[in-house]
Amino acid sequence: MDNNNPWLRAEIAQWLREGIITDEQATTLYARYPAMVYARSGGASRGGLGRSYSGDGRWGKVIFAALGAAIFGMGVILFFAYNWADMHRYLKLAVVGGSILLAHIAGMAFFQAKDQRRSLGESLHLLGTILFGTGIWLVAQIYHFDAHYPDGFLLWFVAALSLGWALPSAAHGILATVLLALWAGLETFEFQRHLPQASWILICTILPLARWQRANSLLAMALVSLPLLYAFGVWRLGEQFLMPVLLLLVGSYFGLAQLAMSLAYPAAKSVFYSVAIVLWLGLVFVGSFIGMPSQQGMSTVPGFGLFHLLVPALLTMTVWLATLLRSSSRPLNSEARLETGLVLMVLLLVVLPAMFGVDIQGFGRLVFNVVFLLYSLLFVYRGTEHGRGKILSLGCIMLSVLALARFTDLFHSLLARSSVFLLLGILLFVIGQRYAKQNTRRKLEKPRA
């Protein structure tokens with residue numbers, strides 16, 4: 001009888017889908033004919049439940065090895081810092097150079113291996129690069145160099161980037177991205193220098209490395225850093241230009257996510273979309289408070305600065321035209337079309353008029369609020385319809401945050417405020433009930449062999 005259980009349970013799922021039996025009847029039948037699950041080894045596992053394990057833990061080894069290398073490097077630095085004043089100048093140089101060479105030589109010995117020792121080798125190389133960065137300031141201290149100190153981060157970036165390409169190593173690429181952001185930030189805010197080249201350095205050096213290595217973590221880091229670096233350059237031209245430029249850059253990520261499927265790196269689609277949706281929702285939420293600042297002073301920006309402001313608009317227009325004109329990248333289902341429409345709604349109704357000098361600050365706030373609300377409802381629908389609890393939770397949190405944000409803006413009467421929160425509470429309760437029902441039915445419809 002037990003041998004027929006998988007077949008019978010599959011038939012129960014089919015009967016439920018065809019409406020022959022109800023959910024309660026399916027639950028009763030599943031309880032009467034329980035599944036017999038066996039382990040992969042062929043025998044029954046303990047308790048009748050088979051367990052399967054996937055993944056070899058490689059990423060865990062890389063992460064913990066990298067953390068270990070960084071913490072070990074800090075220990076070495078602090079140890080020598082304790083005895084630094086009593087050491088001779090030449091001994092100091094020998095310690096700095098020797099520790100760097102020792103770390104990289106040990107890293108080379110392990111990096112050539114094809115097993116898990118390769119991760120250890122990459123971590124040792126990373127330790128050597130960290131020691132190289134600290135060595136820059138230690139040597140400057142030994143010989144009392146009075147230099148432009150952000151240049152030290154630039155030199156450290158060059159070293160990390162070079163090793164990222166030479167090894168190759170995604171970890172060094174991530175370190176290089178952080179150092180590039182530090183250099184550009186210090187130059188911008190400490191010395192008021194306009195450095196638009198920082199974003200182009202990232203585009204020309206870090207993004208190709210991420211694509212070559214198919215490194216999702218490095219790609220995500222680069223995509224997060226690109227708007228930040230671009231904002232450093234735009235900030236010196238005028239704070240009012242930040243919002244449209246950031247919206248244009250992040251808005252292009254959605255189109256690039258669709259175009260990524262035609263590249264040799266299709267996994268980049270999920271990275272582009274994940275980074276885009278996080279940054280986009282943050283910008284839209286901020287826009288629901290401040291609207292879209294007037295861009296009337298854009299025509300007075302000098303030549304290259306104006307070009308720097310217009311590049312995101314040209315990029316976004318090109319990307320979205322390519323996305324919508326290509327049948328392979330065009331959104332197909334209704335959810336994807338709605339999400340595409342929300343992105344284009346902000347770009348066409350708010351960003352584009354603002355760049356032509358139209359004052360739409362109040363209208364922009366309205367659009368941002370509506371878009372944020374529609375995103376919340378979209379995530380709620382997507383979570384309940386497809387059984388995705390995290391997406392549903394995000395949608396509910398967004399609805400609650402929007403209601404709290406507009407608590408004092410739109411509802412001046414206590415009666416109106418109480419009504420809004422009562423309706424929101426009822427809505428969240430209904431959403432939770434629908435998700436539980438959909439989730440239960442989905443489990444019942446799934447064949448249980």
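A nonpolar core, as used in these legends, is a set of buried Ala, Val, Leu, Ile, Met, Phe, Trp, Tyr and Cys residues joined through side-chain atoms within 4.5 Å. Buried means under 20% relative accessible area, exposed means over 50%, and partly exposed lies in between (1.4 Å probe, protein chains only). The model is predicted, so local features need pLDDT of at least 70 and side-chain atom pairs count only at pLDDT 80 or more, while totals for chains, interfaces and linings use all residues. Residues are numbered from 1 along each chain as its sequence is written, and side-chain values use heavy atoms, with hydrogens and water left out.

**Figure 1. The whole chain, with 16 helices and zero strands.**
Helices (H or I, at least four residues) and strands (E, at least two) are DSSP runs, numbered from the N terminus. Of the 449 residues in the chain, 40% are buried. Contact here means heavy atoms within 4.5 Å; among contacts between residues at least 6 apart in sequence, 69% join residues at least 24 apart. The chain has an accessible surface of about 24,400 Å², and carbon and sulfur atoms account for 67% of that area. Accessible areas come from the Shrake-Rupley method with a 1.4 Å probe, and for residues only the protein chains shown count as cover.

**Figure 2. The largest nonpolar core, with 72 residues.**
Look for L247, W280 and Y375, the residues with the most contacts inside this core. Helix α11 (residues 268-290) supplies the largest share of the core, 10 residues. Leaving out residues up to four places away in sequence, L247 touches W280, L283, M292, V346, L347, V351 and F368. Another core, of eight residues, lies apart from this one and has V234, F241, L249 and V311 among its members.

**Figure 3. V245 and its surroundings in helix α10 (residues 242-259).**
V245 counts as buried because its relative accessibility is 5%. Beyond its neighbours within four places in sequence, V245 is in contact with Y230, V234, L309 and P312. The C-alpha atoms of V245 and V311 are separated by 9.0 Å, although the two residues are 66 apart along the chain.

**Figure 4. A network of salt bridges linking E335, E339 and R382.**
A salt bridge is a side-chain nitrogen of Lys or Arg within 4 Å of a carboxyl oxygen of Asp or Glu. Side chains of opposite charge can pair when their charged atoms come close. R382 and E335 meet at 3.0 Å, N to O. R382 lies in helix α14 and E335 in helix α13 (residues 334-355), so this pair ties together parts that are 47 residues apart in sequence. R382 also forms a salt bridge with E339, with the closest N and O atoms 3.2 Å apart. That second pair links helix α14 to helix α13 as well, across 43 residues. R382 and E335 are both buried, and E339 is buried too.

**Figure 5. The salt bridge between E187 and R193.**
The structure holds three salt bridges, and in this one the closest N and O atoms are 3.3 Å apart. Is each partner buried or partly exposed? E187 is buried, with a relative accessible area of 0%, whereas R193 is partly exposed at 39%.

**Figure 6. N369 in helix α14 (residues 361-386).**
N369 is buried, with a relative accessible area of 15%. Not counting residues up to four places away in sequence, N369 touches S288, L402 and R406.

**Figure 7. Helix α4 (residues 89-111) from end to end.**
The expected span of a helix is 1.5 Å times one less than its number of residues. For the 23 residues of α4 this gives 33 Å, and the end C-alpha atoms are 33 Å apart, which agrees. Which residues of α4 are buried? They are K92, V95, V96, I100, A103, H104, G107 and F111. As a reading aid, an α-helix has 3.6 residues a turn, so residues three or four places apart point the same way.

**Figure 8. A nonpolar patch on the surface, with about 960 Å² of accessible area.**
Patches are made of residues with over 30% relative accessible area and no salt bridge; like charges are joined within 9 Å, and nonpolar side chains (Val, Leu, Ile, Met, Phe, Trp, Tyr) within 5 Å. The members of this patch are L348, L349, L352, F356, V358, F363, L366, V370, L373, L374 and L377. The elements that give two or more residues are α13 and α14, and α14 gives the largest share, six residues. L352 is found in helix α13 and counts as partly exposed at 40% relative accessibility.
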